Amino acid sequence: MKILVTGAAGFVGRNLCENLRNIRDGKNRTRTGRIQVDDIFEYDKDGTPEQLDAFCADADFVFNLAGVNRPQNPAEFAEGNRDFAETLLSLLKKHNNRCPVMLSSSIQASLVGRYAGSDYGISKKAGEELFFDYGRETGAEVLVYRFPNLFGKWCRPNYNSVIATFCHNIANDLPIKVNDPAVTLELLYIDDLAEGMFDALEGKAKRCSYDGVTPLPDDNGAYRHVPVTHRVTLGEIVSLLEEFAAQPATLMLPSIPDGSFAKKLYSTYLSYLPAEKVAFPLKMNTDARGSFTELLRTPDRGQVSVNISKPGIKKGEHWHNTKWEFFIVVSGHGLIQQRRIGSDEILNFEVSGIIYRRCICCPDIRITLLTSATPRNW
């Protein structure tokens, strides 16, 4: 399959093209073998009319992601959105190429509520009508998506994404401004968008109709949509980002369940860190016995730490009413002893520099760690 991506250098285009390369090169475990990618035709504003003409002649699928978001002159909305769509469709008709064609539109094309009268929304709506007319005229499959607010890696800060701006500023110790923390945004993560595009390539795009800006699943709907979005307030976004930024001091690994907005925001935030913040020092507490270094904490699963003991040293000799602990010995040789409180019963575990794990889960266990002549164990 030869795939044309217009707007290939933009935020969505770059993410899509990199993901298509993963499929082409056999690196996508779920889509490789299900989607055949032979060539990726990348077209952007610095491309030539001749290139676009050649791409339209050969493409088996078109992702039209080209568009204008923040022009200096409002007239550029029509030029960059409607007019380019017209050029693209004309070239496909010229070559009698009836391959499926996707349009990246916006919820602003609904022209309802705060979007009524929007120049951007009007240009996007006009582009939608061009695509629907093209589908009726040629019989080609047309897939029109009205995307909400997008976020993820490579999104340009201080442009049209509040999350990109907040991530960039907080990662670089710059101020942010929130006028109303209660404002709610509907957000679509770039990786979820890419998965939706892969569904489109497989002929499994989700259909919908619209009630205002709300997509309604509809097997006969004229539009397509990516069903995985998140509704989050500005205050919640800022609170999470401040937690992420404090991690070098708190060592707190945030709660980021699979598929959660927090996990997607955390991944996005990390992509904006400057090089000098990617790594950070840990505090090593040392004394005559050795050292103890905490690596990270979690909100609900305790902490992870490194304990280095000098030869012949005992550590521990205390107990907890309620505690689970795992010991993994990576180097050295020693003895872990567990004493049952109120008795002479002792369990001895001689350990060495191989992976070893022991769960201490009884409330009345006493732990003594005795190292031998080699210096390192946990």
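Start by selecting residues 290-297 and 303-309. These are strand 13 and strand 14, which pair in the antiparallel sense over 7 bridges. The model you have open is predicted.

**Stop 1: the hairpin**

Stay on the two strands. Pick T293 and look across: V306 in strand 14 stands opposite. Now move to the turn. The hairpin of strand 13 and strand 14 has 5 residues between the strands. Select G302 there. What sign does the phi of G302 have? G302 takes a positive phi, near 75°.

**Stop 2: a nonpolar patch**

Go back to strand 13 and select L295, which is found in that strand. Is L295 buried or exposed? Neither word fits: L295 has a relative accessible area of 32%. Buried would need under 20% and exposed over 50%, so L295 counts as partly exposed.

Add F280, L282 and V304 to the selection and show the surface. Together with L295, they make a nonpolar surface patch of about 280 Å².

**Stop 3: an open sheet**

Next, select strands 6, 7 and 11. They form an open sheet of 3 strands, in the order 6-7-11, with mixed pairing. Which strands are at the edges? Strand 6 (149-151) and strand 11 (230-233) are the edge strands, and each pairs on one side only. Turn the view to see the twist: neighbouring strands of this sheet are turned by 50° against each other on average, direction ignored.

Zoom in on strand 7, residues 184-189. Strand 7 and strand 11 run antiparallel, joined by 4 bridges. For one bridge, select T184: its partner in strand 11 is T233.

**Stop 4: the helix across the sheet**

Keep the sheet in view and add residues 190-201. This is helix 6. Which strands does helix 6 lie across? Helix 6 lies across strand 6, strand 7 and strand 11. Its direction makes an angle of about 55° with strand 7.

**Stop 5: N169**

Finish at helix 5, residues 162-171, and select N169 within it. Why is N169 classed as buried? Its relative accessible area is 9%, and buried means under 20%, so N169 qualifies.

Now show what is around N169. Leaving aside neighbours within four places in sequence, N169 is in contact with N158, L174, P175 and I176. Then label L273. N169 and L273 are 104 residues apart along the chain. Their C-alpha atoms are separated by 9.7 Å.

Notes. Residues numbered from 1 in each chain as written. Predicted model: local features only at pLDDT ≥ 70, side-chain atom pairs only at ≥ 80, totals over all residues. Heavy atoms only, no water. Pairing = 2+ DSSP bridges. Patch = residues over 30% accessible without salt bridge, like charges linked within 9 Å, V, L, I, M, F, W, Y side chains within 5 Å. Areas by Shrake-Rupley, 256 points an atom, 1.4 Å probe, with all protein chains shown as cover. Salt bridge = Lys/Arg side-chain N within 4 Å of Asp/Glu carboxyl O. Buried < 20%, exposed > 50% of the residue type's maximum accessible area, 1.4 Å probe, protein only. Axes fitted to C-alpha atoms, helices over the stretch in contact; angles between N-to-C directions. Contact = heavy atoms within 4.5 Å.
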